[in-house]
2 protein chains.
Amino acid sequence: MSNRQLSKTPLPRRGRPPKSGVSPEETRARLVQHGIQIFTEKGFSQAGLDEILKHQKVPKGSFYHYFQNKEAFGEVVIQEYAQYFSSKLARHFSNTKLSPVERLQAFVEEACYGMQKYEFRRGCLIGNLGQELNSLPPAFRMQLEEVFQAWQAQLSQLLSEAQQLGELSLESDVDALSAFFWVGWEGAILKAKLMRSTQPMQLFINYYLKLLD
Amino acid sequence: MSNRQLSKTPLPRRGRPPKSGVSPEETRARLVQHGIQIFTEKGFSQAGLDEILKHQKVPKGSFYHYFQNKEAFGEVVIQEYAQYFSSKLARHFSNTKLSPVERLQAFVEEACYGMQKYEFRRGCLIGNLGQELNSLPPAFRMQLEEVFQAWQAQLSQLLSEAQQLGELSLESDVDALSAFFWVGWEGAILKAKLMRSTQPMQLFINYYLKLLD
């Protein structure tokens, strides 16, 4: 955890300071954004730092100004993606114009749109990294698990709201249903990438909604 | 397809013939078995041929006696794993001592045992490769999809049998239910590896069985 907290603040460490007119914060943010894209598409092990730096026109020396090493960079990338995704969930799940179950459907619809937009090349960074776990720095495992737990808590809360509004039986175990959603959802994303179709995501949500009935 | 069919037969191609007392068929089979293990644990891109050959004490020249290149080797490995897994499914699904739904449960129990046995390092080769799709030879995508389709057909047939025996409603869509199983199952394997626990697999099958009620 301390590593991650440290690497959040762009403290000078070693290497040259950035020379361009772009602010250090902006350069760092661009590196992280590009890291999200590349790690999602290629995985962590396969993606080279050089490729990311070249694309962003950042010299290697400057990279070490922001991050201790690739692992520390990876931790920040995971953290940033987790927060981005969590905000997306919060936006959907707090949309009181829709019923709680409709809010979940709206999230799924947006995800289907996103998969198509990026031609089924991306999917979920967290799921992708989970799959290459054996090749990752050991600290990532705990971090990925915490990310899933956070998303799971957000969905549990939505399902509790569904219970309060009479949309879901009070007998349903909202925590188990939420855990089940994320189990199946990652599988659905995987199959969608393989089939280059949102059909597995639609299939998953259709049966999931049956369980909420 | 032709590549795969060709590479099934250990035709001499280039490089030295094997020198040890082990038969060529045995050497080839050992390479494929070790390929299944290494590609499942590390993925295709991360696993080096050198590592596999060193472990099996096979000189690189001999490797090319059996396989044209790493891609051709990968295709045979996928094919072999798919057949092994399909036989496992067939063994469970044809066990008439159990009801069709109980046979599915028996398969899941064995899978949980296997995950624990290999300390959550392996999971499913096909799911793992599906996740690194962007880095794989393009021909693998179709091959992986065909594998899933074959497993899906096996489960559809089991669910049809459940219908005939009155264990599953005749109104259920067995093909959709089967597709849904494999979507969720790959997600469950992913989460099990992440959590180092069979709990996601148990959670998945529990809710899946509710859908069959």
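Biologist: What percentage of the 213 residues in chain A is buried?
Modeller: Keep in mind that this is a predicted model. To count as buried, a residue needs 20 or more other C-beta atoms within 10 Å of its own. In chain A, which has 213 residues, the buried ones make up 38%.

Biologist: And what is chain A built from, helices or strands?
Modeller: Read along the sequence, the pattern goes α-α-α-α-α-α-α-α-α-α. The C-alpha atoms fill a box of roughly 60 × 35 × 35 Å along the principal axes. There are zero strands in chain A, and the count of helices is 10.

Biologist: Take contacts in chain A between residues at least 6 apart in sequence: what share joins residues at least 24 apart?
Modeller: A contact here is a pair of residues with C-beta atoms within 7 Å. Of the chain A contacts between residues at least 6 apart, the share joining residues at least 24 apart is 68%.

Biologist: Which residues have the most contacts inside the largest nonpolar core?
Modeller: That core has 102 residues, with names from chain A and chain B among its best-connected members. One of them, A:Ile126, touches A:Tyr81, A:Ala82, A:Leu144, A:Val147 and A:Phe148, leaving aside neighbours within four places in sequence. The residues with the most contacts inside the core are A:Ile126, A:Leu144, A:Phe204, B:Ile126, B:Leu144 and B:Phe204.

Biologist: Now the two chains together. What rotation superposes chain B on chain A?
Modeller: The shift along the axis is 0.0 Å, and the RMSD is 0.0 Å. The copies are thus related as by a two-fold rotation axis. The rotation that superposes chain B on chain A is 180 degrees.

Biologist: Which helix of chain B gives the largest share of the side that touches chain A?
Modeller: In this interface, 37 residues of chain B are in contact with 37 residues of chain A. Helix 2, helix 7, helix 8, helix 9 and helix 10 of chain B each supply at least two residues of that side. By class, the side of chain B divides into 16 nonpolar, 11 polar and 10 charged residues. The largest share, 14 residues, comes from helix 9 of chain B.

Biologist: Why do the copies meet through the same surface?
Modeller: Look at which residues of chain B are in the interface, then check for them in chain A. The copies meet through the same surface because the portion of chain B's interface residues that are also interface residues in chain A is 100%.

Biologist: How do helix 5 and helix 8 of chain B run, roughly parallel or roughly antiparallel?
Modeller: Their axes come within 11 Å and cross at roughly 5 degrees. Their contact includes B:Ile78 and B:Phe85 of helix 5 and B:Leu144 and B:Trp151 of helix 8. By class, that contact has 12 nonpolar, four polar and one charged residues. Angles under 35 degrees count as roughly parallel, so helix 5 and helix 8 of chain B are roughly parallel.

Biologist: At what angle does helix 6 of chain B pack on helix 8 of chain B?
Modeller: Here the axes are 8 Å apart. Helix 6 contributes B:Pro100, B:Val101, B:Arg103 and B:Leu104, while helix 8 contributes B:Leu158, B:Glu161 and B:Ala162. The angle is about 145 degrees.

Biologist: Last one: is B:Val32 buried or partly exposed?
Modeller: B:Val32 sits in helix 2 of chain B and is in contact with B:Val76, B:Val77 and B:Glu80, not counting neighbours within four places in sequence. Buried takes 20 or more neighbours. B:Val32 has 18 C-beta neighbours inside 10 Å, so B:Val32 counts as partly exposed.

Terms used: Residues numbered from 1 in each chain as written. Chains lettered and ligands numbered in written order. Predicted model: local features only at pLDDT ≥ 70, side-chain atom pairs only at ≥ 80, totals over all residues. Least-squares fit on C-alpha atoms with pLDDT ≥ 70 in both. Contact = placed C-beta atoms within 7 Å. Axes fitted to C-alpha atoms, helices over the stretch in contact; angles between N-to-C directions. Helix = DSSP H or I, 4+ residues; strand = E, 2+ residues; numbered from the N terminus. Buried ≥ 20, exposed ≤ 12 C-beta atoms within 10 Å, placed from the backbone. Core = buried A, V, L, I, M, F, W, Y, C linked by C-beta atoms within 7 Å. Nonpolar A, V, L, I, M, F, W, Y, C, P; charged D, E, K, R; others polar. Parallel < 35°, antiparallel > 145°, perpendicular 65-115°, else oblique.
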